[in-house]
Structures are given as structure tokens and as C-alpha cells.
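Student: I'm new to this one. Could you take me on a close look at the nonpolar core, starting from the whole chain?

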Amino acid sequence: MAGTPAFQLLRKIPVSALNLEVQEYRHTRTGARHLHLAADDDNNAFLVAFLTVPSDSTGVAHILEHTALCGSRRYPVRDPFFMMTRRSLNTFMNAFTASDWTAYPFASRNRKDYFNLLDVYLDAAFFPTLDELDFSQEGHRVEFAEAGNPESELVYKGVVFNEMKGAMSSPVSTLWQQFTENLYPSITYHHNSGGDPRVIPDLSWQQLKQFHARHYHPSNALFMTYGDIPAAEVQERFSQQVLGDFKAIDLDFAVPDEQRFTTPKTVESVYALGHDEDPKQKTHIVVGWLLGRNTDQHSVFEAALLSGALLDNSASPLRLALETSDLGTAPSPLCGLEDSLREMAFACGLEGSEPDRGEAVEALILETLQQVAENGIAQDDLESVLHQFELSRREVGGDRLPYGLQLMLSALTPAVHGGDPVAPLDIDGELVRLRQSIQDPDYIKNLVRTALLDNPHRIRLVMRPDPALADTEVKAEQARLRQQLAAMSEADKTVVIEHTAALAERQAQTDDPELLPKVELADVPRKLVIPSGFNEPVGGMPASWFDQATNGLVYQQLVVELPKLAPDLVEQLPLYAACLTEVGCGEHDYLAMQQRQAAVTGGIHASIRVRSQADDLTQSRASLVLSGKALVRKHGQLSELLHRTFSEARFDELERLRELTAQIRGAAEMGITDHGHVLAMSAACAGLSPAAALSERWDGLTAVRQIKQLDDALNSPTALKALGEQLAEIHGHIMTAPRQFLVVSESQYQDDIIMPLAQCWLGTPAGNPGNLLTAEFANRQSAIAWQTNTQVNFCAKAYPAVPYSHQDAPPLGVLGGLLRNGYLHTAIREKGGAYGGGAGYDSDAGAFRFYSYRDPRLSETLEDFDRALEWLQQTNHPNRLVDEAILGVISGIDKPSSPAGEAQQAFHLARHGRTPEVRRAFRNRVLDTSMADLQRVANTYLDPVRASIGVVSNEQQLDRLQLKLDRQQV
């Protein structure tokens, strides 16, 4: 179906590999662009994006993204975005600020809901209210520490201000910002588009409004849609709601080419480290190059080929050199190609180094590149990189983002800079071209020379730890506030007090939610669709088979019940799983195995999992899952590789184990400030069920501390040898444990898959049922505070609750949504200034949990958790709040995943008693929940005296905390 007359159809291109057609349109009056991906998929997605080009680090684009969602012309309520999350069956809602674009995406399977959200998003983007009070709430403001007392100190508040304090607490975020600041010294990437907390207070409300007027215009807009709703239908809405109010304008901004260096540069910088942390082996060293434009798809694919050939796996020459070097502990997390910026960047380096090793690290990298330029890379290894391109292109995703949104984002990056948005979707021509190019042995040699060795636009960045920096930054912020206070007249102080009061009044006001569109409970499908499989043994072992639309891929999993192990071995299970697919097998060393994985699969990996049984929290099952995926033409090789990994893995390459442990440690430390709320909840829940106890030991801050201690100990050859022996002992037990298969593919391939799969496992002894792993567990209430290097806090409270199949579990799930929507969002985010906060029921931990994320407060937030329960019992609540909370839970239950992911989820949930019948019963009980149910379950299970507490914070904040907590150092 063609678009509306207001839009000119520029081209239609079928992309058979993705089972869709790309339709490109331009609005004749304003020049707005529309890219529609027509597909037979009811999970329809939308986004509108703008090229946004900040000229400083005030975070103007980021704060505007937040403030635009705080009310608009047609929807004059102060929080339409979060209100719509409660009135919708969306499968995704968010807004993104990138380095050079801002996007507002959503997805929904319900047509009514889709158009409801479309109306709200369009009005928010093009006609936002941009109220000054909303700007001060979302961006930044000063208040007196004691409300109404002009003699007290000034403090900064603001959601984005605290969000970016949390973001910049991460050394890797700081490293990336330092990297782009110096590689791009004169254009927008020099600045922090999210906002530097030291600079955010410089942004004015007027500047925010001017930025919107300049950037958020249809002439600078790119509309993108995906799914089975025709382009004409959404274009009618675009025209009715937005485009009729505008005429075309000439844009006066763009991202220019960076001025190229004539000689490489060296940069030194610092990042904050905790007082009690040893700065030894904490320096990051990165070497980076500026490459070509991302609007040239051939250049993008050449750069991706080069990056993959150098770094894709441990056998790749540059990664091998970095992993085996004693100049650092692990390759830098920045290693690889960054193609989201208009001019791409390539980076490589080491973490865990020392400040005086910068020159040596750079020499190692250049020497390795020179060797590649002289000797080339094996043809098979280059083919493996192209194989990864093909596999990732064919795979139908959707486990983290809706599949349609993934495709749109891949096209968005070149599109905002005037490139071809179809090229990243239709890559067959580029694959053919590259396959022809790599036939020439000199091709990769020349590519290394021209892109890297002969490219003078290079930096060497050495970022060392500074234990005094955090205090220095705090003192600088306090000095700035004291200076501001000293310069204030009495009238200025009155303005601050009045502004604070006005914001509090605005935050307390109750808007009419009926100004916004909504879906009703009557719009919710009564039945939950769950994939079903069938059982057919393989090689004498149980196997479950699912027929799913995987677009020519096959997914295999070997699921092993974890046997009873000695306590010291239980602690090493996560490390064992992480190493299992990274070591040698039989006569093949780990390098050969890495090359084999890249050649025939999309990756294999192993993980340790634990879940409570649906009907009994005291019973849990723990398993090892060995997973792999491949193009269906390589299914036999995938089966062979998984079998060899399981039956022949060896743990005698001790230096490899040392390298892997260091890499795992680095990743664990890097994730603390990104997932602090999850870690706080894990700590709070650890005493509430056996599964929660194991989860904390394997995935919580307890595990982070353990991997740090182990990594430090492995400097001893004796300890390293002992670790190899431990992992080998675990493997011996695993090989005798009961196991089964899971296979997901399209049905027409399954007869071909089963024979080679059975042949691989023929003669392999089946696992014997025996004593299985159980958690050593004693129910206990706890109050723990984990101390780490962070500028913000993460708070959690957890209450013992009920198992999944208990009749009160669904109401507890709904209760979390009601408390978040009705109380916690306002108290913790809007008033408290945290980036996020909420509550919910966790069926594995058997717990009801409260949390906050990137929070400037501690004790006040913990008190707000308790006040939320008082509010529930002491306030009359409209039925609307219950309906909205129910919609939120149903939206989460019904949210689609990838075809393979949905089958895997169905299989694993059923193993733990969450059969389709049990899951549907849970969902039906959610739909039948009443306010009386919510108040009853809260009164029954959420007694504050039974709560456990988990906090992640810094030393200074914990010193000021009045609560008695068990303090632990990460």
C-alpha cells in the first residue's frame, strides 16, 4: 500500500533476508523523512529522531529529552510519559540521547495502543510545554538543604544531574568520554552529550527552549516505522497531528568532518578511585584512530572486517597480543570499532596497567599491526568474520529490544547524517564484494596500513586512578555552591525558596489522567500464547524440540543438572562456566577452539542458573546451560563443537585461566554502577530463600569481591595451579550429571538436525541421577551496606513473600506497579532526584522488593519505602490505579521475545514448575486482582520490622548514615 499524497514515495526495496520491504518517503511540504519497514509482524514499532548537535557538556540534548516528556499541547499533564506506561500494553517505551541524535521510540502489539502512543509521542516531541519547573526537576536546580531555611547550605538536585553523576562514576564511562574528547577535539563529540555534572548547572531554561526550537523541527526529523500497519495510516497521523503546523526550513547545523591530525597525540588523564583501593594495576591505556564516515557503507564494512579480523576472538592477532601481554591485566573494554559516530573510531588497549607503560602498550599494538601488514591474516579467519556478519544479519532478535526497533536503530545512524538508511539492512551486496576482496592476500595488509599504520590521526590515552579526585570534586562542588550562596541577596534567596515551594506544589498536584488516551482491561487478550514443543530423545538422552521462525538458524542447548559439590567448588561454578567455552579441548589448544567457534557458530557460551520451584521456595534447581547457535547449514558442526566442549574441555592452560579471571574481574567491577540497584536487591534478598542465597554468591557483590580476591591470589603459581585443578574437578563431576537437550529451529530442518546430533553423542555415557546441588541456607533478616567508588547510591528493601504458584503471588506483582505509579515515582524520582525507583515481586527469591537507582539519598529513600506502605493503607485509591498496575504486569508478561528466546523461556520455566497452565493461571489471577487484594497482601507480608536492607554507596555517605548496617567492602 502506498503512502498518503502528502508524502512522496522515493523508493521501495525488498530485503528478502529479513522478510521485509523498505519504503522510503519524504514529506513534500516540510522535508520530513519517513522510513517504513513493512513486515508481517504485529509488534509494530515507531520512532522519531532528530539530529542534535550539542556545543558544550551542559547535557542540553539529554535534559531536553527528559523535559519534552513532561507535558505537551494536547496533553497538558506534567508526566504523560510515565502516565502512559501505566495506561498501555506497550512492548517498549523509552527515549534515547546519543552523541549526535535524540530518538523517541515505542512498540506495541495492540493497534489501539499503538496509535494512542503515537499521538502522545508526536505531541511530546513537537509541541512540548517545556515548563521551567519541569526543567528544574529533570535537569538541575539549587535548593536549601533545609527547606525554607536561607541560612542552610545550598545543594544541587535534578534527575539528569544525578543520573550523570552515577554514569560518570564508572571508570569506563570516564574513559570513553576522555577518548572522544581528545580524538574529536573540535566537533560535537568533544562534549559529553549526556551532561557533565560539573557543567550541567550552567544550562539555562532559555537555552533549553532555544535548542528545542532549533533542532526539533520536521525538516530535521526522521520518522521510522516497522510492522504490519501500512505506511499510509501512520502518515495520516503525522500530517494531522504535526506536519500541518510547519513549513520547511533551512537547517543551520550539522556534524562536520574533524580536522585531521598531522601527527599522533598523547593524552594523560585521571579518574576517581576509592580511598581504600590500591591504585596498582588500575590504569587504562587506549590507542585510538579516527576513521572514515559512517555514511559510506563500504567503508563501514571494511572497518568492521578489519576490527573483526584483529579483535573478534582470542585467536585474532591483536586480541591475542593484548590478552597475553604482561603490560596489563586484560584488553580494554573500549577495544573495537565505534561506527555510531559520523566519522568512525577504532580503539584498542589494556586495562589493569600502570601509568608508565603507555609507550610500551602503544609499541605492542603498532608492532602487532605491522606484523599483520607484512604477513596478512589467514583466509579462513577472514571468512569467519564474514560468516559472523551473515549470521548476525539473519538472526531474528527481540530479547532485549523489539526486533523492529533493532532494525530501525541500525538504519538510523547513517540516516541522520544523510547516508543511505537501506544499506545497513540490505548487506548481501557488501558481503559479496568483501568476499571477492579477501581473495587478494594483500587486501587486509593494505587495509591495516591505510586505516591504521599510515593514519596520523591517532591518540594514546593513559588514564590513571586518583584516590583524591572524588574528594576534590566534592569540595569543588561545595565551594561553587558556597560562592553562589555568598553572592545571593535576600531577594535571591527568596526566589530559591519560592521556586522550591512551587516545584513541590507542582509535584503534589493531581492531574486528570483521562486527558490521556488509554487501553482498557477489556482490550487485553485473555489467553497467553506460549510456544509448545515435543519430546524426542537424542542419543539416549531426553530432548525437547521447538518449531520457531528462526530465519535459517538453529539453536542448541545442553542442560545439565548441577551435582552436589564441595563448598569450595560451588563458589567456583560461575568461573567454571565462564571458562568452559574459552579453553582448549582434547588435543586442540584454546586458540584453535576459538577459531573453530568463529568459523561455524554465532558463538557458544555456558552459564550457571538457579531458580526456585514454582510451588516451594525451599526447593530450587541449579543447572549448567551450554548454548550455541549457527546457520542451519552448519548444524552438524555446531553439534560436534558443543559435544567436544562438553566432553574434552581441559583446564591445564594456566596462563589462559589467569587471563580469563582478570577479564571477568574487570567486567564485574565495571558493572557495579550500571547495575547497582540489582546488586542492592540481591544483597537484601540473600537471606530469604535458597535460590536467592546462591544468586548472591554467584552474581551479587559477594561474587564481585570473590573474583577480585581470586584474581589477586593468582599472582602465585601455586594458587593458579590449584585453580586449574579445581575447575578440572568440577568438570569431572559435571560430565557424570544428568542432562538433556533443547533444540529450536524451523520444523523443516529438524529431521536433518537429529541424525548428526545423535551421532555426536553416541557412545557418550549418559549422566546418572544422584545427589543434586542444594544451597546451604538459613533464613535470616539482614541489613548490609556495600561500599564502593560511586557518587550516587542504590537502595533496596526486601520482604519474605510466597512462591510463584501461591494465590497471593499475582496480587504482589500488581502491588509493585501500584506503589511505583502511585507513590514511589513522585517520592524517589521527582522529589528525591533519583534516576529511578520502584517495587516488585521476585518469584525466584520469594521476595517483594523496593529499590532506587542512582539516588542522591539514602535513609530518606529507605523511609520512603515505608511511607509507600502507609500511603497504600491510609489513602482512598481510585480503581483506575489498580487497572493501570494490572496493565503494567500484563504488558510485562505478554512482551514478546525473539522466536528462539520465547521457546527457550517456555522450556526453562516449565522445568521449574512454571508450566503453560501455571503461567496462564498466574496471568488470569493478575487480571482479577482488586484493591482489597493489594491491601490484604501488603498487610500480610510487608511488615517493616521483617524487612531486609541492601545498600550500595560510598564511604562518606555511609559514614553519615544513622542506620546500623553491616558494612562490606567490594
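Tutor: Sure, one term to begin with: the radius of gyration is taken over C-alpha atoms, and the globule rule is 2.2 Å times the number of residues to the power 0.38. For the 970 residues here, that rule puts a compact globule near 30 Å, and the protein chain has 28 Å, which agrees. Keep in mind that this is a predicted model, where local features need pLDDT of at least 70, side-chain atom pairs count only at pLDDT 80 or more, and totals for chains, interfaces and linings use all residues. Residues are numbered from 1 along each chain as its sequence is written, and side-chain values use heavy atoms, with hydrogens and water left out.

Of those 970 residues, 61% count as buried (under 20% relative accessible area, 1.4 Å probe, protein chains only). Now for the core itself. A nonpolar core is a set of buried Ala, Val, Leu, Ile, Met, Phe, Trp, Tyr and Cys residues joined through side-chain atoms within 4.5 Å. The largest one has 62 residues, and Phe46, Val48, Tyr104, Phe126, Phe223 and Phe238 have the most contacts inside it. Its largest share, ten residues, comes from helix 3 (residues 111-126); helices are DSSP runs of H or I, at least four residues, numbered from the N terminus.

Zoom in on Phe223: leaving aside residues up to four places away in sequence, Phe223 touches, among others, Ala32, Leu35, Phe46, Val48, Leu122, Phe126 and Phe238 (contact means heavy atoms within 4.5 Å). There's also a second, separate core of 58 residues, including Cys579, Ile608, Leu657 and Val743.

Terms used:
Buried means under 20% relative accessible area, exposed over 50%, partly exposed in between (1.4 Å probe, protein chains only). Helices (H or I, at least four residues) and strands (E, at least two) are DSSP runs, numbered from the N terminus.
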